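Work through the exercises below with the sequence and the model side by side. Try each task before reading its solution.

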Amino acid sequence: MTPARPSDQVASSNPAGLSGPDASSAPAGLSGSAAPPGSAGLSGAAGGSATAASAGAGHASLPGRSLVRVGPVSLLVRRRAVLVAGVLTVLLLLAVVLSLSLGTPYVAPADVLRALSGAGTPYDLVVFDLRLPRVVLAAVAGAAFGVAGTLIQSVARNPLASPDVIGITQGAGLAATVALTSGMAAVLVAPTALVGGLLAAVLLFALGARHGLAAQRFVLAGVAVAFAFRALTEVVMLTADPIDGLRAQIWLIGTLAGKGWAEAAWIAGTLLVLLPVLAWAGWALNSTALDDDTARGVGLRPVARRIGLAGTGVLVAAMVTAQVGAVDFVALVAPQVARRLVRAERPPLVCAALLGALLLVLADLAGRRLLAPTQLPAGVLTAAIGGPYLIFLLLRGRRRSS
């Protein structure tokens, strides 16, 4: 029998090291720099190990994973993640059609599909001008919340960390409240909210950057920033004109009413500009659970990675919050539900984005139809989802501790 090569021993002794951030027992599999020359195109945490696992005839593939080659580029994909992403995509498309159908007037799903295909129907005005902009905005904003929540939770190593917990939402909310109660032009509310969210991020990093942006310090600094900005927001609202205060309150709850293509274009444009960074983030997330000494030992720069991931997350969160308001809990729920569906060690970026889009489309649909003709803000419905989810996490943590 031919002796096994060292790379084969790594791949066979710990195949789980190829799948997520909890693979500290096989850190070499998590380092892009540990891959052999010519494997720079490998994606994921398994650069060197994926090559070792696939080299030579007769080597069995890792359970639940497949190595996909496209020319010189190789991708190690989790088959269950691909299946979940496909199912979520189908459910999202069905939710979009349903949202375009329900309302006054009702449009049959077949007519919706014909209108979208350009065949021409009597309902083109209803579908394209009245409903489609809002549905597209809900899908794009939900996806952005899912991405932001995934990045922030992975850096914080805490399933309760999200933009509305670490102060980004509250910073944007304070700036928007000042804009709405001071007579500022409506077109300036979103840019002002974006600046407020980014200033909250700067303060968060200033308070949490010590000790290499340690996870616990990052979360505690975020909670402190959130409480401080929330208190200031309450002071501004109490001293404002009642009508202006009501407008600010609606913004703080988060609503898609009266919004559409312009807001969706800003969010989608941000995601497209950050697409190369998000592609890197999908790979870099695999190392977020490693302690700093282990990460440095395999050639990584853990502090720089955490700052890059957290910075990307708060930038996306600030942009989407500035456009649609403080829609809570989507960024909190989507990553962890996606992680449980995929059965992965960390929230999967693509599945979290699809689930966030699905949640916000359904929440906006429910807000439009539950008490029609009265419309509920989407943030009310997402908060109704988030409350039971937090109770579930509490009970689940209690069962684990017992």
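Buried residues make up 50% of the 402 residues in the protein chain; buried means under 20% relative accessible area, exposed over 50%, and partly exposed in between (1.4 Å probe, protein chains only). The model is predicted: local features need pLDDT of at least 70, side-chain atom pairs count only at pLDDT 80 or more, and totals for chains, interfaces and linings use all residues. Residues are numbered from 1 along each chain as its sequence is written, and side-chain values use heavy atoms, with hydrogens and water left out.

**Exercise 1. The chain as a whole**

Task: State how many helices and strands the protein chain has, and what share of its exposed area carbon and sulfur atoms supply.

Solution.
- Start with secondary structure. The protein chain has 17 helices and two strands. Both are DSSP runs, numbered from the N terminus: helices are H or I with at least four residues, strands are E with at least two.
- Turn to the surface. About 18,400 Å² is exposed, and carbon and sulfur atoms supply 68% of it. The areas come from the Shrake-Rupley method with a 1.4 Å probe; for residues, only the protein chains shown count as cover.
- Finish with contacts, meaning heavy atoms within 4.5 Å. Among those between residues at least 6 apart in sequence, 71% join residues at least 24 apart.

**Exercise 2. The largest nonpolar core**

Task: Find which residues of the largest nonpolar core touch the most other members, and which helix gives the most to this core.

Solution.
- Fix the term. A nonpolar core is a set of buried Ala, Val, Leu, Ile, Met, Phe, Trp, Tyr and Cys residues joined through side-chain atoms within 4.5 Å.
- The largest one holds 92 residues; Leu-151, Ile-168, Ile-267 and Val-324 touch the most other members.
- Helix α5 (residues 124–156) gives the most to this core, with 18 residues.
- Now list partners of Leu-151, leaving out residues up to four places away in sequence. They are Leu-278, Ala-281, Leu-285, Leu-309, Thr-312, Gly-313 and Leu-349.
- For background: in soluble globular proteins, nonpolar side chains tend to be buried together.

**Exercise 3. Two sides of α11**

Task: Decide which residues of α11 are buried and which are exposed on the other side.

Solution.
- Helix α11 (residues 261–273) has 13 residues and reaches 18 Å from its first C-alpha to its last, close to the 18 Å expected at 1.5 Å a residue. The expected span is 1.5 Å times one less than the number of residues.
- Its buried residues are Glu-263, Ala-264, Ile-267, Thr-270 and Leu-271. They cover an arc of only 130° around the axis, so they sit on the same side of α11. The arc is that of the directions from the helix axis to the C-beta atoms.
- On the other side, Trp-266, Leu-272 and Val-273 are exposed.

**Exercise 4. From α3 to α4**

Task: Describe the surroundings of Ser-101, then follow the chain through α4.

Solution.
- Ser-101 belongs to helix α3 (residues 79–101). Its relative accessible area is 1%, so Ser-101 is buried.
- A polar atom of the Ser-101 side chain lies 2.8 Å from the backbone oxygen of Val-97.
- Beyond neighbours within four places in sequence, Ser-101 contacts Tyr-106, Val-107, Ala-108, Pro-109, Val-112 and Arg-131.
- Pro-105 is in the loop between α3 and α4. A cis peptide bond joins Thr-104 and Pro-105, with omega about 5°.
- In helix α4 (residues 109–116), the buried residues are Asp-111, Val-112 and Ala-115. Their arc covers only 105° around the axis, which puts them on the same side of α4. Their cover includes α3 and α5.
- Gly-118 follows α4, and its phi is positive, near 85°.

**Exercise 5. Positive phi without glycine**

Task: Arg-157 and Phe-329 have a positive phi. Is each buried or partly exposed?

Solution.
- Arg-157 has a phi of about 55°. This residue lies in the loop between α5 and α6 (168–181). Its relative accessible area is 44%, so Arg-157 is partly exposed.
- Phe-329 has a phi of about 75°. Its loop runs between α14 (302–324) and α15 (330–342). Phe-329 counts as buried because its relative accessibility is 16%.

**Exercise 6. A glycine in α9**

Task: Identify what Gly-222 touches.

Solution.
- Gly-222 is found in helix α9 (residues 215–238). At 0% relative accessibility, Gly-222 counts as buried.
- The C-alpha atoms of Gly-222 and Ile-166 are separated by 3.5 Å, though these residues are 56 apart along the chain.
- Not counting residues up to four places away in sequence, Gly-222 touches Val-165, Ile-166, Gly-167 and Leu-204.

How values were computed:
A polar contact is a pair of N or O atoms within 3.5 Å; within protein, one must be able to donate a hydrogen and the other to accept it, and residues adjacent in sequence count only if both atoms are side-chain atoms.
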